[in-house]
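Here are some comments on the pockets in this model and on two individual residues, set out as numbered points for you to check against the coordinates.

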Amino acid sequence: MTETQSQAATIIPLDNVDPALVEALLDAAFEPERHTRTAYKVREGTDWLPALSFAALDAQEMLVGTIQCWPVALGTPQGRPFPMIMVGPVAVLPGHQGMGYGQALMSTSMASIDDRAPLPQVMIGDPEYYGRFWGFSNEGTEGWDLPGPFELRRLLVRCANIAVLPEKGMLGPWLR
């Protein structure tokens, strides 16, 4: 974003936005077929986490981007759920991509995680980008599986100590 654009951008809690507008933005950013993606199966039946989900408004107060985070768990082979936060989708309207809205949304969401008891964050994304800015890595996710097709190199995790993460498991919704 240019200096003018970054000063004009406003980040607000996502629960302040009409859900119909959020759905329309997600359709524009990812196409209506987005519901068939593996990430949707991972978080199926859960609601996004309001404290970690945000919207970006441009200078005209138009909704141009959103980020949602979800309660998920890595189910270990022993049947123990290992709770995590699934980050994404990070969505920006096509005409506003590359202007820094997605980066601002990610930074706001990651800064909102309580450092006193942080859950590991997991996402499907490009390790070069999300690793560079927020410390996501595919190290330690080699033995994890998802309920649908995915590229193993794009299954990323962010955790203060990856040694605490299970080596194997199936990622799915955390239905407490």
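**Notes on the pockets and two buried residues**

1. Within the lining of the largest pocket, β4 makes the largest contribution, with seven residues. Please keep in mind throughout that this is a predicted model, and that the pocket volumes and linings discussed here are computed from it.

2. The largest pocket holds about 800 Å³ of space, and its lining is made up of 34 residues, among which F30, V90, I124, Y130 and R154 lie nearest the centre. Besides β4 (81-92), the elements that each supply at least two lining residues are the helices α2 (19-30), α3 (38-42), α4 (101-111) and α5 (127-134), together with the strand β5 (121-124).

3. As to the chemical character of this lining, 19 of the residues of the largest pocket are nonpolar, nine are polar and six are charged; for anyone setting up a calculation on this pocket, that division may be a useful point of reference.

4. The second largest pocket contains about 250 Å³ of space, and it is lined by 18 residues, of which E23, Y40, W48, Q68 and W70 are the closest to its centre. Here α2 gives the largest share of the lining, namely four residues, while α2, α3 and β3 (63-75) are the elements listed as each supplying at least two. The lining of the second largest pocket divides into nine nonpolar, four polar and five charged residues.

5. Is T66 buried or exposed? This residue belongs to strand β3, and it counts as buried because its relative accessibility is 0%, where the cut-off for burial is under 20%. Leaving out residues up to four places away in sequence, T66 touches L14, V22, L25, L26, F54, A55, P89, V90, A91 and L105. One of these partners, V90, is also among the residues that lie nearest the centre of the largest pocket.

6. H96, in contrast to T66, is placed in a loop, the one between β4 and α4. With a relative accessibility of 17%, H96 also counts as buried, because this value falls under the 20% cut-off. Apart from its neighbours within four places in sequence, H96 is in contact with D58, M62, V64 and Y101.

Notes:
Residues numbered from 1 in each chain as written. Predicted model: local features only at pLDDT ≥ 70, side-chain atom pairs only at ≥ 80, totals over all residues. Heavy atoms only, no water. 1 Å grid on protein atoms, 1.4 Å probe; cavity = no way out; pocket = protein on both sides within 12 Å on 5 of 7 lines; lining within 4 Å. Points joined across faces, edges and corners; volume = space filled by probe spheres on them. Nonpolar A, V, L, I, M, F, W, Y, C, P; charged D, E, K, R; others polar. Buried < 20%, exposed > 50% of the residue type's maximum accessible area, 1.4 Å probe, protein only. Contact = heavy atoms within 4.5 Å.
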